[in-house]
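Please open the structure in your viewer and keep the sequence panel beside it. The stops below are meant to be selected one after another.

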Amino acid sequence: MKSELIEKNYALAKERYAALGVDTDKALETLEKTPISLHCWQADDVVGFERNEAASGGIQTTGNYPGKARNIDELRQDIDKVTSMLAGSFRLNLHETYGDFGGRFVDRDQVEAKHFESWMQWAKEHNLKLDFNSTSFSHPKSGSLTLSNPDKEIREFWIDHTKRCRRIADAMGKYQADPCIMNIWVHDGSKDYTVEKFRYRQILKESLDEILAEQLPDMKSCLEAKLFGIGLEAYTVGSHDFYAGYCAKNNVIYTLDTGHYEPTENVSDAVSSLLLFVPELMLHVSRPMHWDSDHVTLFDDNTRNLFAELVRAGQLHRAHIGLDYFDASIDRIGAYIIGTRATQKSLLQAFLEPLELLRKYEDEDKLFQRLALLEEAKTLPMGAVYDYYNYTHNVPVAEDFIADIEKYEQEVTFKRK
């Protein structure tokens, strides 16, 4: 798109928003300062560097589009390509299985901070902060139950693993002088009806109590609920109600994964309630389709509503934003760009909402006016503002990124055998 047109469109959009009391320059400044944590596992279909095996244990990646990252160097190359095509501030979210193990097998109850030192150094060189996750799936001891397993030996293996992951996250936070957000998600559940719901949840609670007892100043723990996992459709131990109660009682960050709910649920409705009882939210921005799944994030109602709710409540500062999906059926770099841009657009639209006027209408009980303005705000020229944002950061504007990714395919990913 020609620079003259981008600047002209932005000037018109700026004037249009100003008429409603919205400062577009301020909105772009806020967008610039709002970091998004990119998920490393989109680049290689959640394989990691531990066993070189497809994901299993409640999750599954579908598709075989050519060019996935096969090792740590290729994954870093792909992440670097992604960030080079995006404006804004970014973090990188790692799973434990993505450690730099030096070609050796390191089991999960033996992992240490030293296995992530090269990631810390690489992230610093690329102006990224790190976030982290324990990894309970894709392991011979995963089974159907990990932290909620009645088998003491299995359970203690996963407790030890999760404790070690928290210490790694703490080392990351100390190194980068910024808290590392560590997410705990376990796939635990049952394929068919169980009579031991209370027992498994009681064990999970006790395991979490032990894990979270260690005080680590440079990391923050968060707990992620799930609707169900592949092969675990009947019962999920770590359900929404379980973690909502646990996090509220124990002052722990709650993780809202927008791909972990029924497609008909409005996940944004949970924001205002949860933030009254938990210290912060971790957002895993994803998309369900027909069932609990992790499709590429889009600029859709669910994503827009999520950030609108946070901005309207004045609580965005209490939310950490990350992406969480894995699509192997399309170009993986393209999936990153689509999902990140959709998240940025949703944030920007929330920043550009004529909130002061909307609040005035609501306070004065002018409900027709409120609804009318909410509708008109949907078609305000946000796209021109977002184009200008990318243009001023010298990254692809609008659909221009498609050609860049096609070039990267021909020069890099399609050459991977």
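In which loop does A398 lie? Select A398 and you will find yourself in the loop between helix 13 (382–392) and helix 14, where helices (H or I, at least four residues) and strands (E, at least two) are DSSP runs numbered from the N terminus. The model is a predicted one, in which local features need pLDDT of at least 70 and side-chain atom pairs count only at pLDDT 80 or more, while totals for chains, interfaces and linings use all residues. Residues are numbered from 1 along each chain as its sequence is written, and side-chain values use heavy atoms, with hydrogens and water left out.

**Two positive phi angles**

Stay with A398, which has a positive phi of about 55° although it is not a glycine. Most residues other than glycine have a negative phi. A398 is buried, with a relative accessible area of 15%; here buried means under 20% relative accessible area, exposed over 50%, and partly exposed in between (1.4 Å probe, protein chains only). Next select V46, another residue other than glycine with a positive phi, in this case near 60°. V46 lies in the loop between strand 1 and helix 3 and is buried at a relative accessible area of 6%.

**Salt bridges**

From V46, move to D45, whose side chain meets that of R332 in a salt bridge with an N to O distance of 2.8 Å; a salt bridge is a side-chain nitrogen of Lys or Arg within 4 Å of a carboxyl oxygen of Asp or Glu. This pair links distant parts of the chain, since D45 sits in the loop between strand 1 (36–39) and helix 3 (72–84) and R332 in helix 10, 287 residues apart. D45 counts as buried at 9% relative accessibility, and R332 is buried with a relative accessible area of 5%.

Now select E50 and R108, which form a salt bridge with their closest N and O atoms 2.9 Å apart. E50 lies in the loop between strand 1 and helix 3 and R108 in the loop between strand 2 (90–95) and helix 4 (117–125), so the pair ties together parts that are 58 residues apart in sequence. Both E50 and R108 are buried. Add E96 to the selection: R108 forms a salt bridge with E96 as well, the closest N and O atoms being 3.9 Å apart, and both of these residues are buried. Salt bridges that share partners join E50, R51, E96, D107 and R108 into one network. The structure holds 24 salt bridges.

**Aromatic pairs**

A search of the whole structure finds 12 aromatic pairs, for which rings of Phe, Tyr and Trp (its six-membered ring) must have centres within 6.5 Å, with planes under 30 degrees apart counted as stacked, over 60 as edge-to-face and the rest as tilted. Select Y65 and F414, a tilted pair at 6.0 Å centre to centre with 50° between the planes. Y65 lies in the loop between strand 1 and helix 3 and F414 in the segment after helix 14 (401–411), so the pair ties together parts that are 349 residues apart in sequence. Y65 counts as partly exposed at 25% relative accessibility, and F414 is partly exposed at 32%. Turn then to F116 and F132, whose ring centres are 5.0 Å apart with planes at 80°, so the pair is edge-to-face. F116 is buried, with a relative accessible area of 0%, and F132 counts as buried at 0%.

**Core and surface**

Keep F132 selected and add L94, which touches F116 and F132, among others including W41, W119 and M172, leaving aside residues up to four places away in sequence; contact means heavy atoms within 4.5 Å. Of the 120 residues in the largest nonpolar core, those touching the most other members include L94, W119 and F132. A nonpolar core is a set of buried Ala, Val, Leu, Ile, Met, Phe, Trp, Tyr and Cys residues joined through side-chain atoms within 4.5 Å.

Go on to I337 in helix 10, which is buried, with a relative accessible area of 0%. I337 touches V82, M85, L86, F401 and I405, not counting residues up to four places away in sequence.

For the last stop, select I330, in the loop between strand 12 (319–323) and helix 10 (332–351). I330 is partly exposed, with a relative accessible area of 32%.
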